[in-house]
Amino acid sequence: MRLVHAFAGLACLALAAVAYAQSTAIPAPDAAPVQAAPLTEAPAHWGDAKAGQAKAAICAACHGLDGNAMQQNAPRLAGMPERYIADQLHLFKSGQRTSGLAAVMAPFAGILSAQDMRNVGAWYAGQKSGAGIADDSVIASGPNKGMKFYEVGERLFRGGDAARGLPACMACHGATGAGNPGPAYPSLHGQDAAYVTRRLEEYRTGTTSYANPAHFALMASVAKTLTDEEIHSLASYVQGLHARTAQ
């Protein structure tokens, strides 16, 4: 009988110990909250030119090692504002820019992050643009007869045309065609004439698939009344336009 009481006492002690442990145990922490990944890419900061140089190596075949393209209809990128290049790469990657050589550009732009685009832009922005030669042959007939061919474009670039409400090109792109990095207006000096001609003709159509067409609409309003001769002359003029250097 005493043995039975002993076992019963031990059982009570065991139950009491379990009850005490349950009352003093520290509960396990809840699982950490789920971190939701953003659906859009983080905004890029100002570009790193050194990192951009490495990324831009693949661009050299068309745009040259330093952005001075040797291939006709491929734009010079040397001296372009960083933001402008990044914006254009985004348009190629997102499929918004589809004209010209967009089919060639899209695969290259597609592998770049937003930061890569700023880095590539920073690299080209720091390069010095060269220049081509403007056509100085004399126009034989038409409203501009007797003028040198590039002078028609020079007149529009520097003074616009008040009768048509056309502002001077240099109002946005600068007197030397160096562009404006703030609103991301591109540099024009030394730009390939065939490329400039094609872009002006695209603006003249007035149609675009850009999600934000503000800049396109601005250029379309300028180009819509330009004649073929004026477009070709403007292209020739900016091809021969040299950037000024500090004295």
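A salt bridge is a side-chain nitrogen of Lys or Arg within 4 Å of a carboxyl oxygen of Asp or Glu, and Asp161, Arg164 and Glu230 are linked in a network of such bridges. The structure is a predicted model, in which local features need pLDDT of at least 70 and side-chain atom pairs count only at pLDDT 80 or more, while totals for chains, interfaces and linings use all residues. Residues are numbered from 1 along each chain as its sequence is written, and side-chain values use heavy atoms, with hydrogens and water left out.

Within the network, the side chains of Glu230 and Arg164 meet at 2.7 Å, N to O. This pair links distant parts of the chain, 66 residues apart, with Glu230 in helix H11 and Arg164 in the loop between helix H7 (149-159) and helix H8 (170-173); helices here are DSSP runs (H or I, at least four residues), numbered from the N terminus. Glu230 is buried, with a relative accessible area of 8%, whereas Arg164 is partly exposed at 30%, where buried means under 20% relative accessible area, exposed over 50%, and partly exposed in between (1.4 Å probe, protein chains only).

Helix H9 (residues 193-205) holds another salt bridge, between Glu202 and Arg198 (2.8 Å, N to O). Because Glu202 and Arg198 are four residues apart in this helix, about one helical turn separates them, and both residues are buried.

From H9 a further salt bridge leads to helix H11, with Arg204 in H9 and Asp228 in H11, 24 residues apart. The closest N and O atoms of Asp228 and Arg204 are 2.7 Å apart.

How values were computed: Helices (H or I, at least four residues) and strands (E, at least two) are DSSP runs, numbered from the N terminus.
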